[in-house]
Amino acid sequence: MKNFSVVIIAFISLLIFQSCTSQIEEILVSNIDELNQSIKDAEPGDNIVLKNGVWKDVKIKFTGKGTKGNPIKLKAETPGEVFIEGVSNLEISGDYLEVSGLFFRNGYAPTQNVISFRTSKKEVANHSKVTNCVILDFNNLERDKDNLWVQLYGKHNELSNCYIAGKTNGGPTVRVDLKGNQSIRNYHKIINNHFGPRPRKGGARGETIQLGSSFTSMSPSNTTIANNLFEECNGEVEIISSKTNFNIIKNNVFYKSEGSVVTRHGNYVTVDGNYFIGDGVNDQYGGIRIINTGHWITNNLFYKIKGKNFRSPIAIMNGIPKSPLNRYNQVTDVVVAYNTFVDSDSPFQFGVGQNLAQKDVLPKSEIRSARALRTEVVNNVIYNSKGDANPIIEHDKADGVTFKSNIIDNNGVEIKNAHGLISKELSLTDIGTNLSVPVSGYNDVETHNGFDFEVITEDLLGGSREKSNQVGAILSSENIKLDLLDKTKYGANWFSSNVEEKEAKIHTVNNADELAAKLKEAVSGDVLELNEGSYQISNSLIINKTITIQSKGKAEIVYNGAADTPVFELNPYGKLTLKSIKLKGNGSNYAFASLKKNMSNHFGLDVIDSEISDFNYALRVYKQSFSEEITFKNTSISNCKNGLELSEETNDRGDYNTEYLTIDNCIFNTIKQNVIDYYRGGYDESTIGGNLLVTNSTFTNCGAKERNKRLFNHNGIVNVNIKNNTFKNNKVRFVSILWGAKNNIESGNSLTNSGKIKTEENLVMTLMY
């Protein structure tokens with residue numbers, strides 16, 4: 001009888017389960033009104049399906065109460081075929097909600113977020129997920145209008161298997177927010193995403209992921225960032241900025257990304273099992289920068305990372321005594337263990353950011369003099385195919401650091417500051433596509449067993465350290481063939497970021513009408529080749545794609561357009577290469593200029609083997625415009641009222657108009673003012689950019705109307721190199737005033753009746769905060 005009762009109960013349970021599952025609905029909606037009604041009516045287990053097509057200017061508020069077993073889902077009819085465009089966003093609040101398959105493009109958010117895990121300050125999402133979506137180039141029209149593409153609130157939420165790329169305006173791409181008890185100890189997961197290229201921003205506020213903020217930095221977040229690919233995330237010096245406690249950053253790949261993982265504020269972060277991969281050339285690709293207390297940096301591989309100082313493979317900063325929350329706390333009780341470095345320059349740098357030399361121009365609250373304490377650097381392996389005389393750099397004394405059981409193969413080069421490094425002869429073993437590491441040759445070195453080291457149970461590849469342990473990130477390479485850059489492992493399964501290379505089409509141009517028409521007709525990457533002759537142009541040529549305009553013979557473009565308009569109007573996405581062209585203006589117009597507003601994306605400019613004359617401005621870059629690189633090479637600029645003007649970022653927030661301004665083998669003659677005017681305002685050590693290179697060039701009769709009597713104005717630009725130039729009869733007091741405390745240098749210059757080049761060790765700068 002008892003067995004019969006069990007059977008009956010099981011049968012009834014089955015009927016109830018079938019009844020429940022049969023009520024799960026799939027609701028197809030084709031407009032915002034139908035969507036809103038479906039959301040209002042949704043029950044646990046319902047699937048709300050957005051019809052394929054373009055959804056423009058939609059503000060989606062997805063609310064509801066699903067359950068763990070029956071979440072409410074909002075999904076695309078076909079993943080990748082539902083396009084969210086125009087002025088649009090998505091807000092989520094409630095429990096057990098899932099969003100998938102959406103493609104945000106061709107637009108921008110009307111609010112602070114593209115996707116927000118809350119619909120009001122009190123209504124947040126919990127146990128909810130955004131997955132298999134794409135956000136691409138969904139930028140505000142103005143660079144200074146900061147926003148965040150994804151902002152997580154609440155608890156136990158997930159951002160997974162998404163592709164997110166192309167953010168150019170200010171603000172982190174993704175942020176975890178901890179304001180309010182409903183968002184503390186959140187245990188969010190950011191996993192299996194592909195964070196594609198984030199272009200250089202030209203200032204601060206360009207992180208890819210930010211965990212909390214300065215003023216919630218004492219709060220526990222417990223966020224996990226794992227198994228993501230970060231590819232060319234170059235927005236600023238911080239790729240991931242951890243500003244809260246107890247976060248885990250694990251098993252990610254950082255590929256050719258110009259920045260670092262930074263424990264900016266907050267404590268007790270675990271950074272374990274990550275791959276930092278450079279190219280052995282670019283000295284902007286970084287590793288891990290350490291600030292604050294209690295972090296464990298273990299089992300990471302640094303491969304051909306050449307970053308310097310803030311971007312060095314391991315940068316341990318000096319702190320500010322009694323630091324306020326938004327500055328730099330002292331490094332204490334940190335473990336850096338079982339990491340491997342292959343062909344990575346000066347992998348250990350201590351006292352980074354030490355600035356005692358600037359104590360006369362900075363407030364006491366900004367002086368970083370607190371050295372790392374109770375920090376262990378142990379059981380690490382360094383391999384250099386080309387020897388490095390300084391694998392350990394002390395910007396300030398590392399007297400609070402314990403060094404034990406670290407080994408190095410330095411290819412026979414003597415080490416100046418060894419700190420007990422043990423020399424070995426090692427060989428590399430292939431562990432995957434373009435990836436080789438040392439995995440043997442040091443098993444005779446006893447591992448240092450520090451306090452609580454038993455928690456380090458595995459190596460980088462998941463091998464057990466409990467059974468057999470040794471120094472370095474990898475115990476054995478047996479049967480390991482990694483393909484870390486297989487992009488199918490990350491991001492949305494329906495989206496590919498691979499772009500097929502196409503052969504550039506050459507368009508032959510014979511007259512002015514053809515020039516305008518063929519420029520409009522050409523696609524990105526094409527070449528316009530001008531036959532010999534004079535091209536009379538009266539309207540600006542719009543550059544909104546990657547295009548090369550070159551001369552087949554001796555082509556001259558004469559621009560008689562209106563005052564204050566340019567020959568070449570540089571629009572978002574416009575990247576112009578001008579070769580062997582003569583440009584002539586009417587004295588009141590411009591050769592090149594960005595848009596005055598709505599520069600939602602970057603532009604680019606290369607001018608090579610050309611002549612520019614008789615303009616008001618040779619180049620004018622307006623506020624909120626940005627180019628990653630601007631280059632003038634083998635080019636003359638003459639008889640212009642103004643030269644190269646990039647000085648309208650006067651908000652003193654650390655912003656500037658181009659990352660690299662390069663002038664090489666050029667002639668500047670009779671430029672009355674703003675010969676080179678390139679400005680970054682707002683002092684902040686985390687803004688380490690602005691790069692001016694002026695080499696092998698001649699400047700004659702320039703600067704006559706320059707009000708501050710400087711030929712070059714480059715206030716606040718961190719990296720300046722003025723080398724092998726000739727200055728003749730320039731009516732200025734100074735050619736340049738260099739910032740000696742930064743990387744401002746000059747050499748091999750000849751000055752005749754042109755003032756002087758002066759170095760001031762400590763320039764007074766406006767603080768950003």
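The following questions and answers concern pockets, cores, cysteines and single residues in a predicted model. In this model local features need pLDDT of at least 70 and side-chain atom pairs count only at pLDDT 80 or more, while totals for chains, interfaces and linings use all residues. Residues are numbered from 1 along each chain as its sequence is written, and side-chain values use heavy atoms, with hydrogens and water left out.

Me: How much space lies in the largest pocket, and which residues are the closest to its centre?
Reply: On a 1 Å grid over the protein atoms alone, a pocket is an open set of points with protein on both sides within 12 Å along at least five of seven lines, and lining residues have an atom within 4 Å of a point. A volume is the space filled by probe spheres set on the points, which are joined across faces, edges and corners. The largest pocket holds about 1200 Å³. Its lining has 42 residues, and the closest to the centre are P197, E232, T546, K575 and E628.

Me: Which strand gives the most to the lining of the largest pocket?
Reply: Strands are DSSP runs (E, at least two residues), numbered from the N terminus. At least two lining residues come from each of β16 (163-165), β48 (546-559), β50 (575-584), β52 (603-608) and β55 (627-633). The strand that gives the most, with four residues, is β52.

Me: How many residues of each class are in the lining of the second largest pocket?
Reply: The second largest pocket has a volume of about 870 Å³. Among its 42 lining residues, N309, F310, I688, V718 and N719 lie nearest the centre. For the classes, Ala, Val, Leu, Ile, Met, Phe, Trp, Tyr, Cys and Pro count as nonpolar, Asp, Glu, Lys and Arg as charged, and the others, Gly among them, as polar. The lining divides into 11 nonpolar, 18 polar and 13 charged residues.

Me: What is the volume of the largest cavity?
Reply: A cavity is a set of grid points where a 1.4 Å probe fits but cannot get out. The structure holds one cavity of 30 Å³ or more. Its lining includes I164, K167, P197 and C233, and by class the lining has five nonpolar, four polar and two charged residues. The space in this largest cavity is about 50 Å³.

Me: Why is C702 not bonded to the closest cysteine sulfur?
Reply: A disulfide is a pair of cysteine sulfur atoms within 2.5 Å, and the structure holds zero disulfides. C162 is in no disulfide, as the nearest cysteine sulfur, that of C133, is 4.9 Å away. For C702, the closest cysteine sulfur is in C640 and is too far for a bond, at a distance of 9.6 Å.

Me: Is C162 buried or exposed?
Reply: Buried means under 20% relative accessible area, exposed over 50%, and partly exposed in between (1.4 Å probe, protein chains only). The relative accessibility of C162 is 2%. C162 therefore counts as buried.

Me: Which residues touch the most other members of the largest nonpolar core?
Reply: A nonpolar core is a set of buried Ala, Val, Leu, Ile, Met, Phe, Trp, Tyr and Cys residues joined through side-chain atoms within 4.5 Å. In soluble globular proteins, nonpolar side chains tend to be buried together. The largest core has 79 residues, and those that touch the most other members are I92, I115 and I314.

Me: How many residues are in another core, apart from the largest?
Reply: This core lies apart from the largest one. Its members include L530, I537, F632 and V732. The number of residues in it is 65.

Me: Where is N379 found?
Reply: N379 is not a glycine, yet it has a positive phi of about 65 degrees. The residue is buried, because its relative accessible area is 0%. N379 is found in the loop between β36 (375-378) and β37 (381-383).

Me: What is the relative accessible area of N696?
Reply: N696 is a residue other than glycine with a positive phi, near 55 degrees. Its place is in the loop between β59 (691-695) and β60 (698-700). N696 is partly exposed, with a relative accessible area of 37%.

Me: Which residues is T63 in contact with, leaving aside its neighbours within four places in sequence?
Reply: T63 lies in strand β4 (residues 59-65) and is partly exposed, at 30% relative accessible area. Contact means heavy atoms within 4.5 Å. Leaving aside those neighbours, T63 is in contact with I39, S93, L97 and T119.
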